[in-house]
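Reader: Could you walk me through reading helix packing in a model like this one?
Author: Sure, let's have a look.

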Amino acid sequence: MLRYLPFLLVLALWIYAFIDCLQTPEKDVRYLPKLAWVFIVLLFGQVLLGPVAWFIAGRPRKTTSFGGGRRTEWVAPDDNPEFLQSLKKDEPVAQDESAPKDEKKDRDDEEA
């Protein structure tokens with residue numbers, strides 16, 4: 001069983017690289033057209049040259065920001081200013097029922 005492990009690892013890497021290459025958008029592929037990378041991964045997959053070349057040279061790099069850039073990940077609603085602004089636009093202005101009676105009386109006198 002252990003003697004099949006290297007073959008299975010090569011096959012798994014080959015399949016993963018092929019699927020990853022197919023799912024990557026054309027505009028994100030580096031150095032060669034996407035179709036060329038698909039052929040390289042398929043033709044040189046058994047000797048691991050194709051998948052390794054794809055992962056090193058053809059695959060798009062992940063960009064990481066170290067606290068200086070704008071957050072592109074999911075933001076909780078209470079931290080999202082756009083969401084909070086949309087709530088302010090949608091909610092009607094209600095009378096404050098918790099105000100002390102003296103202030104209510106003063107407001108009523110001002111209106112009259």
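Author: What follows goes from the whole chain down to one helix. This is a predicted model, where local features need pLDDT of at least 70, side-chain atom pairs count only at pLDDT 80 or more, and totals for chains, interfaces and linings use all residues. Residues are numbered from 1 along the chain as its sequence is written, and side-chain values use heavy atoms, with hydrogens and water left out.

Reader: How many helices and strands are there in the chain?
Author: Helices (H or I, at least four residues) and strands (E, at least two) are DSSP runs, numbered from the N terminus. Here you get 5 helices and 0 strands.

Reader: And what share of the residues counts as buried?
Author: Buried means under 20% relative accessible area and exposed over 50%, partly exposed being in between (1.4 Å probe, protein chains only). Of the 112 residues, 16% are buried.

Reader: Which residues of α2 are buried?
Author: K34, W37, V38 and V41. Looking down the axis of α2, these fall within an arc of 105° (taken from the directions from the helix axis to the C-beta atoms), so they line one face of the helix. The face turned away from that buried side carries the exposed L35 and L43.

Reader: What do the buried residues of α2 pack against?
Author: Contact means heavy atoms within 4.5 Å. By that test, they pack against α1 (5–23) and α3.

Reader: At what angle do α2 and α3 cross?
Author: Axes are lines fitted to C-alpha atoms, for helices over the stretch in contact, and angles run from 0 to 180 degrees between N-to-C directions. The axes of α2 (residues 34–43) and α3 (residues 49–58) cross at roughly 145° and come within 7 Å. On the α2 side, W37, I40 and V41 make the contact.
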